[in-house]
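Me: I have a structure open and would like to learn how to read it feature by feature. Could you walk me through it?

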Amino acid sequence: MTQLILEQALNGFQFGLMLFLLAAGLTLVFGIMDMINLAHGSLYMVGAYLAAAAAAASGSFVVGVLAAVAGTAVVGALLEVAVLRRLYQRDHLAQVLATFALILIANEAVRMLWGDQPMLLNAPAALAGPVEIGGFSYPAYRLLIIAVGVAVALALYVVVAKTRLGMWVRAGASNREMTEALGVNVKRLFTLVFAFGAGLCALAGALLGPLLAVQVGMGESILILAFVVIVIGGIGSIRGALVGSLLVGVVDTLGRALLPWLLRGFLPAETAANLGPALAAILIYLLMAAILFWKPAGLFPARG
Amino acid sequence: MAGEGMKSALYRQSARRRGLAFAALLALAALPPLLQALGQDFYVSVAARMLIFALAATSLNFIVGFGGLVAFGHAAFFGAGAYAVAILAERGVTSAFVAWPAAAALAGGLALLIGAISLRTRGVYFIMITLAFAQMIYYLFISLKAWGGDDGLPLMARSTFGPFDLGNDATFYWVALACLAAALFLLDRIAHARFGRVLQGIRENESRMAALGYPVAAYQLACFVIGGTLAGLAGALIANHSLLASPNLLHWTQSGTLLVMVIVGGVGTLYGGFAGALTLLLLEELLTGVTVHWHAALGLLLLVVVFRAPRGVAAWLHGLFSRGGTK
């Protein structure tokens, strides 16, 4: 039992870190530009497909991941300059419509290029087996994801909290007009932030590719989770995105693994088997509703 | 956050527009015999589906355009209505006079619950929390095996409707048309009543209306519930139309599609939902005939709407009409 709980907790931590890679870019887009970007999940999908294609062409997983990150960052920058930039001054409805349209286009473009069938993306052979740590075994590849996730989160923290660039980004998130008045080119800064966020999306897509399926529509399901994360954490706050991601990742994974088992303790077996998965599936949404009920601006509001 | 499109008071109805509406209703009612005479019976069913989506989009337009609340979880009410009819039919309740009001009431109750919590938040947070609640309902329905899980819940036959046989596509079309016309009439009356005026005031300036002593949250909640109830009725109709309460009806992309219909048709216009549903579903019919990649074509067209016709198709038509009328 301890083995199961520990393993699921680690899985949840690992999933939470990947969610953070998506949510970090999304929360800045929301925070700085007050813009709803439904197409963020499409960048994640594009990243996973680019990784699978590049890995298949070069035979190396690492090359695949690097190509995906670079390629998707370029796609993100182009998207920002060509379409999204025109939407910042529009209302939320126009943003929803335009980015919904982008999802349709992205899904069809991927389908045209790579077909309907899911793509195969294999983890490097060296990491295929489990690792033994003091009688507890855990898949090596998932450990790698955790290591990369922690490293990126730390690097992001240093960039956002300690560098001039990060200071501009934080200033932009809390008050855009004032930051512009102080002479920061928020427009150019934002293209950079967007490309950077796209790259992080691609990293998450490429790393999760071997675990989840690389297929059309993969972006939409994870996009909703990323939304839940940034709303829980407070829109525009990187720290909130990190806390929210880990919370959502762990609660979701542990809930799915443990709730049916827990319910069996005090409910008839059949009712528990029916109710368990249903309750586990809505757990994070309950969490989000509860947090918004008591803290309507999320856990770490970026604007005072 | 209200856009330019919301600010114009398009909910105005002159005697002339009333006449036009009546003529349009007659023309729509004459459609099934016309299609049957042309030997295109299949399109009667297609047209009925358009009317049902028009009703769903109209109900959302009331919340978004009239209440000024950008709700991104309308599929919850639409789908709940569909499931209510299917679950009742499974238990032997097949009368439309019982099942459809029950579906509307269930959706309305759900809207009351979701609205009461969601209306504590504003702006982007409101969009997100309504989305989260809709996802909650979606996962609840697909993980309960008793309600069909991923496959949805099929209906054996359409609801019984007094002496009329809804199994006949033309009859079903007329019933759907009657529901849509009744809903439009009702919403038009509400728009001109004191309640509607206050609601529009809240949409334009919430804090001023609050300062004037109006219970802003109660008005917004009432608006949300009215929209949800009508969506439940649309859900009851769509379950009857396809003989299936499908989880797809609850999926968040359904909320997105309905919102797209509203925006394309024209936010805050009485016929915006109708125009949007018609435009989008007609485009779907046309584009699927031309290319398998019709989603991409639709996406490009939507981008054109965003940048070229930001106030929607209905406003554009309205502009044409009023220009013609003043001359």
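Reply: Happy to. Helices here are DSSP runs of at least four residues and strands are runs of at least two, numbered from the N terminus. Please keep in mind that this is a predicted model.

Me: How many helices and strands does chain A have?

Reply: Chain A has 11 helices and two strands. Along the sequence, the order is α-α-α-α-β-β-α-α-α-α-α-α-α.

Me: What do the two strands of chain A do, and in which sense do they pair?

Reply: Strand β1 (residues 130-133) and strand β2 (residues 136-139) of chain A pair in the antiparallel sense, over four bridges. To find your way, look for P130(A), which stands opposite P139(A) in β2(A). The hairpin has two residues between its strands, and there G134(A) takes a positive phi near 55°.

Me: How do I judge the overall size of chain A?

Reply: One way is to set the radius of gyration against what a globule would give. With 304 residues, a compact globule would have a radius near 19 Å, and chain A has 20 Å, which agrees. The C-alpha atoms of chain A fill a box of roughly 60 × 50 × 35 Å along the principal axes. As for burial, 49% of the 304 residues of chain A count as buried. Of the contacts in chain A with a separation of 6 or more, 76% are between residues 24 or more positions apart.

Me: What span should helix α5 of chain A have?

Reply: Use 1.5 Å a residue: the 23 residues of α5 (residues 140-162) of chain A should span 33 Å, and the end C-alpha atoms are 32 Å apart, which agrees. The buried residues in α5(A) include Y141(A), R142(A), I145(A) and G149(A). The buried residues of this helix pack against α1 (2-33), β2 and α8 (186-208) of chain A.

Me: Where is G148(B), and is it buried or exposed?

Reply: G148(B) lies in the loop between α7 and β1 (153-154) of chain B. A residue is buried if 20 or more other C-beta atoms lie within 10 Å of its own. G148(B) has 20 such neighbours, so it counts as buried.

Me: What about L243(B), and what is its phi?

Reply: L243(B) has a phi near 55°, a positive value in a residue other than glycine. You will find L243(B) in the loop between α11 (216-242) and β2 (244-245) of chain B. With 14 C-beta neighbours inside 10 Å, L243(B) counts as partly exposed.

Me: Which residues have the most contacts inside the largest nonpolar core?

Reply: That core has 217 residues, and those with the most contacts inside it are L97(A), A226(A), V228(A), L55(B), V85(B) and A236(B). Helix α4 (residues 42-66) of chain B gives the most to this core, with 16 residues. Take A236(B) as an example: beyond its neighbours within four places in sequence, its contacts include G81(B), V85(B), W100(B) and A104(B).

Me: And how do I read the interface between the chains?

Reply: The size of an interface is often given as the accessible area lost when the parts come together. Here you can count residues: the contact takes 40 from chain B and 36 from chain A. On the side of chain B that touches chain A, the elements giving two or more residues are α7 (123-143), α12 (252-265) and α14 (294-308) of chain B. Of these, α7(B) gives the most, with 13 residues. By character, that side of chain B divides into 29 nonpolar, nine polar and two charged residues.

Key
Residues numbered from 1 in each chain as written. Chains lettered and ligands numbered in written order. Predicted model: local features only at pLDDT ≥ 70, side-chain atom pairs only at ≥ 80, totals over all residues. Contact = placed C-beta atoms within 7 Å. Nonpolar A, V, L, I, M, F, W, Y, C, P; charged D, E, K, R; others polar. Core = buried A, V, L, I, M, F, W, Y, C linked by C-beta atoms within 7 Å. Buried ≥ 20, exposed ≤ 12 C-beta atoms within 10 Å, placed from the backbone. Rg over C-alpha atoms; globule rule 2.2 N^0.38 Å. Pairing = 2+ DSSP bridges. Expected span 1.5 Å × (residues − 1).
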